[in-house]
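Trainee: Could you take me closely through the strands of this model and how they pair, and then place that part among its surroundings? I would like one connected account that I can follow with the coordinates open.

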Amino acid sequence: FQRTEAPRPPGGKDLHAYPWDKSSLKSMPVDLQQFEKLDAYALKVNVKNSVEELVTALLKQARTDLEKVRAIWMWICHHIEYDVVGYHNKSQLSSKPIDVLQTGKSICEGYAGLFEQMCSIAGIQCMKLSGYSKGYGYKMGQTFTGGSDHAWNAVYLDGRWHLLDSTWGSGAVDDSFTKFTFRYNEFYFLTHPALFINNHFPDNSNWQLLKPTLTLKDFENNMLHNSNFYTLGLLTAEPQTAVIRTVNGKASVSVDCRSATLFKFELKGTDEHGLMTLKKHGMKLDIYPQKTGSHKLQIFAKPSKASEDVYNCVLEYVVECESVDKAMRFPKGLHQPVGPSWFTERQGFLRPSHPDPIIHTNDGRCSLTFTLGKDISVLALLHCDNSSLTEDKRRQHIMQIHRGNQIELKIHLPHVGNFVLKIYAKKKSDPGNYDYVFNYLITCLNTEVKWPAFPQVYSKWAEDYEILEPLSGLLPANRNVQFKLKMHGIAKVLVLADDTHSLTQSRGCWEGTCNTSGCSEVFVMVQENANHSFYSHVLKYEVESQ
């Protein structure tokens, strides 16, 4: 082993551009698959007598400087645990490399010191750096004063300096700082300096390895993105400051990412006071706190391919709310995310007529269309917080119309207010239940709105039949009412009121009139086969009372 010459200070060729160019999470090309054998070997090495013996054993499988650094890194991250007791009682604590090796525990000072000595024995230039960190106990928006609170390393590879933090690579402490859990984190190995600065601010700004360098004020104000943020393929978040002030009761956050990602959020522990929409490359969130003051906002994410339902926290903000927008109090039944997205496309709802999550209607009517994937059956429900109507009655305010692979949902609202349109689906060939897919928020401010329900539909009403008139399920009393129904493959259609009226067929429609006097209900019946005298009920209308 040759002892290394004095490390050279960082210079122009070590610097990376800030802000991050979104290229790579690391400061040099690293192929993790090529490390698999070396990593497995390093984990098995079990030498505690001396640091020199440990390094000798580790380097048996390492040829290049990068491989040597990797072996040392892997060993430390999996064998040295964070000393939570020593952290609280520093007098008992030694950060000498040999003590760290033999006790198998230390605080950041000891991790960085052992790393530096092992590199030195391996003939690799390495520096122990100290500075401020946004680690355990960090509060959003806090200022940093006094001495440094963390230590990490820089290593010299391929003619450039690179950064790593083996303390944070090894695992995490719990909230009460009483228990350490080994949880390997690849992110802190040769981290790109424009990402490392996110939570490491060195005493000597040259060791940021950035051009331009950041001031302490920049570091304090900048949004903390933890390693989950980047590991999940997220790229940027707006705003870039930790504290957001509402404007007219609203605050907005957006995230950009590389691939399809699912998000959740919590404002003071609930997702009721916001509207989140998924985008192809990220998400957008509008927050409407219903109380003034400061609120903690957390954003969670998981890759769309992930099998488990585990969302990781990727962002935390403080929302300062100065005034409340009461009009944006959402119904309790509203599910996040809201509106259509790549996710609903995957479930077979294509080309939505309404890409936005909120549908505003002035006259209380709206109509949505989608192109449906193969073999999909749809169920749509209307939810409203303080509605006197039952779910079944509200369901009759939605009419489904199918034309080929297109579905139209016609909605006539029963009254003013905020409604949730919930859309469920299942495979037609599937006997099971409908699964929830997505929802819209429908808002109507017009107090005059009071649409009657659509007529009641029976099971013999085929999916591709269509009512042209009358659309209202409530018919006027003592009137002649015009009927026009689009139905095919039928021998005869009757409208049953006080008398029976036959409809006649012309150009694919069954038409005719019926008089509503002397009855409280009107039924439409069809005869499917001319050779049988059997009629089935397909529609039922109510008649207004006299």
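Mentor: It helps to begin with the division of the chain, where the domain assignment gives domain 1 (32-209), domain 2 (231-321), domain 3 (342-444) and domain 4 (456-543). Please keep in mind throughout that this is a predicted model. As for the spacing of these parts, the C-alpha centres of domain 1 and domain 3 lie 54 Å apart.

Let us start the close look with the sheet that contains strand 25. Four strands form this open sheet, in the order 20-26-25-22, and their pairing is mixed. Its edge strands are strand 20 (358-360) and strand 22, each of which pairs on one side only, and from one strand to the next the twist averages 25°. Strand 25 covers residues 417-427, and nine of its eleven residues are buried, so this strand is largely enclosed by the rest of the structure.

The pairings of strand 25 can be followed in both directions. Towards one side, eight bridges join it to strand 22 (residues 376-383), and the two run antiparallel; as a point of reference in this pairing, leucine 379 has tyrosine 424 in strand 25 as its bridge partner. Towards the other side, strand 25 is joined to strand 26 (residues 435-444) by nine bridges, again in an antiparallel arrangement, and here asparagine 418 stands opposite threonine 443 of strand 26. The parallel element of the sheet is found where strand 20 and strand 26 pair over three bridges. Threonine 443 is a useful residue to select on screen, since histidine 360 also stands opposite this threonine in strand 26.

A second sheet can be read in a similar manner. This one is an open sheet of four strands in the order 11-13-16-15, with antiparallel pairing. Strand 11 (234-238) and strand 15 (274-279) stand at its edges, and because each has a single partner strand, one side of each is left without a neighbour in the sheet. The twist of this sheet averages 10° from one strand to the next. Within the sheet, strand 13 (residues 251-257) and strand 16 (residues 282-287) run antiparallel and are joined by six bridges, and serine 252 stands opposite aspartate 286 in strand 16.

There is a further run of pairings to trace, which passes through strand 17. Strand 14 (residues 261-267) pairs with strand 17 (residues 293-303) in the antiparallel sense over seven bridges, and glutamate 266 finds its bridge partner in glutamine 298 of strand 17. Strand 17 is in turn joined by nine bridges to strand 18 (residues 312-321), with the two running antiparallel; in this pairing the bridge partner of isoleucine 299 is leucine 315 in strand 18.

From here we can turn to a single strand residue and its side chain. Glutamate 466 is found in strand 28 (residues 466-469), and with a relative accessibility of 9% this glutamate counts as buried. Its side chain and that of arginine 403 are joined by a polar contact of 3.1 Å. Apart from neighbours within four places in sequence, glutamate 466 is in contact with Ile401, Arg403, Trp461, Leu485 and Lys486.

For the helical surroundings, consider helix 1 (residues 36-44), whose buried residues are Leu38, Asp39 and Ala42. Viewed down the axis of helix 1, these buried residues fall within an arc of 100°, so they line one face of the helix. The face turned away from that buried side carries the exposed residues Glu36, Lys37 and Lys44. Among what covers the buried residues of helix 1 are helix 2 (51-58) and helix 3 (65-79).

Helix 2 also contains leucine 54, which counts as buried because its relative accessibility is 0%. Leaving out neighbours within four places in sequence, the contacts of leucine 54 are Val45, Val47, Trp75, Leu101 and Met118. For tryptophan 75, the C-alpha atom is separated from that of leucine 54 by 9.5 Å, with their positions 21 residues apart along the chain counted as the sequence separation.

Definitions and conventions. Residues are numbered from 1 along each chain as its sequence is written. This is a predicted model: local features need pLDDT of at least 70, side-chain atom pairs count only at pLDDT 80 or more; totals for chains, interfaces and linings use all residues. Side-chain values use heavy atoms; hydrogens and water are left out. Domain bounds come from an automatic or database domain assignment. Buried means under 20% relative accessible area, exposed over 50%, partly exposed in between (1.4 Å probe, protein chains only). A polar contact is a pair of N or O atoms within 3.5 Å; within protein, one must be able to donate a hydrogen and the other to accept it, and residues adjacent in sequence count only if both atoms are side-chain atoms. Contact means heavy atoms within 4.5 Å. Two strands pair if DSSP finds at least two bridges between them. Axes are lines fitted to C-alpha atoms, for helices over the stretch in contact, and angles run from 0 to 180 degrees between N-to-C directions. The arc is that of the directions from the helix axis to the C-beta atoms.
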